[in-house]
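Work through these exercises with the sequence and the model side by side. Try each task before you read its solution.

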Amino acid sequence: MTRRLQVVGDDRSFTITGVDSDEWEGMRDPCPTCGSRGFEHVSARGGYYGVRDGTVVLRSDVWDADRAIRTRCRACGTVLHKHPAFDLLFDHGPDEP
Ligand SMILES: [Zn+2]
């Protein structure tokens, strides 16, 4: 399934897309298009940071903010998952490598 969102700025508007394949459950599944098991995966990671004994530490017990942003088959290029934010974070057109 592909979602299209229109982003309106001060002087322009453009479309960003989100993709969720109905035929792919996650990294353990092969690509439904070609059967490959190699993927390019981008995620966003964050959480609660603090300082302990002078060292910055991520407290993973407080908030796990790890989110998948895009997963694409390395063999055939099929986009299996894409959060619409990918188009805002990276300077490519929708679904471009
Ligand atoms: Zn593939």
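**Exercise 1. Contacts and overall form**

Task: Find what share of the contacts with a separation of 6 or more comes from residues 24 or more positions apart. Then describe the overall form of the protein.

Solution.
- Step 1. Take the contacts in the protein with a separation of 6 or more; residues 24 or more positions apart account for 47% of them.
- Step 2. Keep in mind that this is a predicted model.
- Step 3. List the elements. The protein has one helix and seven strands. From the N terminus on, they run β-β-β-β-β-β-β-α.
- Step 4. Check the spread. The radius of gyration is 17 Å, well over the 13 Å that the globule rule gives for 97 residues, so the protein is more spread out than a compact globule.
- Step 5. Look at the box. Along the principal axes, the C-alpha atoms fill roughly 50 × 45 × 20 Å.
- Step 6. Turn to burial. Of the 97 residues, 13% are buried.

**Exercise 2. The order of the sheet**

Task: In what order do the five strands of the open sheet stand, and which strands are at the edges?

Solution.
- Step 1. Read across the sheet. The order is 1-2-7-6-3, and the pairing is antiparallel.
- Step 2. Find the edges. Strand 1 (2-8) and strand 3 (39-44) each have a single partner strand, so one side of each is left without a neighbour in the sheet.
- Step 3. Add the twist. From one strand to the next, it averages 30°.
- Step 4. Recall the rule behind the pairing. Strands of a sheet pair through backbone hydrogen bonds, either parallel or antiparallel.

**Exercise 3. Walking across the pairs**

Task: Cross the sheet from strand 1 to strand 3. At each step, state how many bridges join the pair.

Solution.
- Step 1. Start with strand 1 and strand 2 (residues 13-20). Seven bridges join these antiparallel strands. Arg4 has Thr17 in strand 2 as its bridge partner. The two strands form a hairpin, with four residues between them.
- Step 2. Move from strand 2 to strand 7 (residues 79-82). This antiparallel pair has two bridges. Asp20 stands opposite His81 in strand 7.
- Step 3. Go on from strand 7 to strand 6. Three bridges join them, again in an antiparallel pair. Arg72 stands opposite Val79. These strands also form a hairpin, here with five residues between them. In its turn, Gly77 has a positive phi of about 85°.
- Step 4. Finish with strand 6 (residues 67-73) and strand 3. Six bridges hold this antiparallel pair. Glu40 has Arg72 in strand 6 as its bridge partner, and Ala44 stands opposite Arg67.

**Exercise 4. The nonpolar core**

Task: Which residues make up the largest nonpolar core? Then list the contacts of Val19 beyond its neighbours within four places in sequence.

Solution.
- Step 1. Name the members. The core has six residues: Val19, Cys31, Phe39, Cys73, Val79 and Leu80.
- Step 2. Pick out Val19. Leaving aside neighbours within four places in sequence, Val19 is in contact with Thr2, Val79, His81 and Lys82.
- Step 3. Compare the two lists. Val79 is a member of the core and also a contact of Val19.

**Exercise 5. Two residues to place**

Task: Are Asp53 and Val56 buried or exposed? Say where each one sits.

Solution.
- Step 1. Locate Asp53. This residue lies in the loop between strand 4 (48-52) and strand 5 (55-59).
- Step 2. Check its backbone. Asp53 has a positive phi of about 50°, although it is not a glycine.
- Step 3. Count neighbours. A residue is exposed if 12 or fewer other C-beta atoms lie within 10 Å of its own. Asp53 has 5 C-beta neighbours inside 10 Å, so it counts as exposed.
- Step 4. Locate Val56. This residue is found in strand 5.
- Step 5. Count again. Val56 has 8 C-beta neighbours inside 10 Å, so Val56 counts as exposed.
- Step 6. List its contacts. Not counting residues up to four places away in sequence, Val56 touches Tyr49 and Val51.
- Step 7. Take one distance. Val56 and Ala75 are 19 residues apart along the chain, and their C-alpha atoms are separated by 39 Å.

Technical notes
Residues are numbered from 1 along each chain as its sequence is written. This is a predicted model: local features need pLDDT of at least 70, side-chain atom pairs count only at pLDDT 80 or more; totals for chains, interfaces and linings use all residues. Two strands pair if DSSP finds at least two bridges between them. Axes are lines fitted to C-alpha atoms, for helices over the stretch in contact, and angles run from 0 to 180 degrees between N-to-C directions. A nonpolar core is a set of buried Ala, Val, Leu, Ile, Met, Phe, Trp, Tyr and Cys residues joined through C-beta atoms within 7 Å. A residue is buried if 20 or more other C-beta atoms lie within 10 Å of its own, exposed if 12 or fewer, and partly exposed in between; C-beta atoms are placed from the backbone. Two residues are in contact if their C-beta atoms, placed from the backbone, lie within 7 Å. The radius of gyration is taken over C-alpha atoms; the globule rule is 2.2 Å times the number of residues to the power 0.38.
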